[in-house]
Amino acid sequence: MGEGNTPLVSSRQVGARVGLHNLFFKLESCNPSGSYKDRFVAAQMQAVLDMGVDGCIATSSGNTGASLAAYSARCGLACSIVVNDEAPAGKLQQMRAHGARVMRVRDFITSPTVTAEVYTRLSELSDDMSIPLIVSAYRHCPVGMAGVETIAYELGSQCRTRIDHVFVPIGGGGLFTAVCRGFRRRGGPLPRIHGVQPEGCLTVVAAYLRGDDEIRPIRSTTRISGLAVPFDIDAGMALAEMRALNGVGIAIRDEEVHRAQQLMLTEEGIWAEPAGAAALAGAFRAAQEGIVAASDVVICIVTGHGFKDPASVADAAERHPVESVECTQLTREAFEVRA
């Protein structure tokens, strides 16, 4: 449906705030369903069609389900999706509008115990019913995840100079792993690829900071949809890739993510969902800590569009309320630029 080949745009104002003069955004939000997951689903869907089945089941915190629902509708497949309590309304509406059956399971994703039970049950159902279980992770669907590696191929072609740093948000670890593998398979100079996680769900970054290889299951407290994956799906792979590419694991507060989202809205014109702004929050922190230099070429992966989580921009919108005026008040003074 036209997935991939998303724009790489330069920062007009935000980069100057922290002295990053070569800051770019890779707008995965421009994919057909609004996130990078379209790359995954498009690649995986061919494998599903080759099986000759009439439907599929999936788990999702939002974007995988929205994408799978869209592509299933296009291919004439039935689609059932298990989601967590915190899945944003915008993403659920996408799934349902495309005709998917959506089932919300309490404590799914946030609780490692409940999540493990859900995966066990769905795996058994997948085997018993001979229908594919779609999970956006190398551990479950490596064919689909290979499709995500094309992000790196495109960046190598779109950026006319050497790329020094790439900032990638980490949830389950699949996206980060895919970007790293894509750069290594493409060949040429390798950038440092940094992983950004909310403090309320540190799996990969916690292991990085401890200096060990253990991905410890935790109970997530972050409110950033898509980044609350408190157990190891592809986290171990992501950690290994981070170290191989000399990356840094960066822990950020939810407030930093929302601040980055607001700046993207008001100073770049880019409407990203919170997870899509996490990379920028990580780049800000890296600039403050001297990890990146002012002249370095820095790319932030914007993973999803803001329409998927409209509630997240409510605060930003409230800063600019609608004004009720009379016709006679439409004067020159009313339209003067305010400091």
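Let me begin at the surface, where Val-325, Leu-330 and Phe-335 make a nonpolar patch of about 330 Å²; patches take residues with over 30% relative accessible area and no salt bridge, nonpolar side chains (Val, Leu, Ile, Met, Phe, Trp, Tyr) being joined within 5 Å and like charges within 9 Å. Accessible areas here follow the Shrake-Rupley method with a 1.4 Å probe, and for residues only the protein chains shown count as cover. This is a predicted model, in which local features need pLDDT of at least 70 and side-chain atom pairs count only at pLDDT 80 or more, while totals for chains, interfaces and linings use all residues. Residues are numbered from 1 along each chain as its sequence is written, and side-chain values use heavy atoms, with hydrogens and water left out.

Within the patch, Leu-330 counts as exposed at 52% relative accessibility, where exposed means over 50%, buried under 20%, and partly exposed in between (1.4 Å probe, protein chains only).

Now to the salt bridges, each a side-chain nitrogen of Lys or Arg within 4 Å of a carboxyl oxygen of Asp or Glu, of which the count comes to 19. Arg-121 pairs with Glu-117, their closest N and O atoms being 3.3 Å apart, and whereas Arg-121 is exposed at 52%, Glu-117 is partly exposed at 42%.

What about Arg-285 and Glu-256? Their side chains meet in a salt bridge at 2.6 Å, N to O, and Arg-285 is buried with a relative accessible area of 16%, as is Glu-256, also at 16% relative accessibility. Finally, salt bridges that share partners join Lys-26, Glu-28, Arg-39 and Glu-154 into one network.
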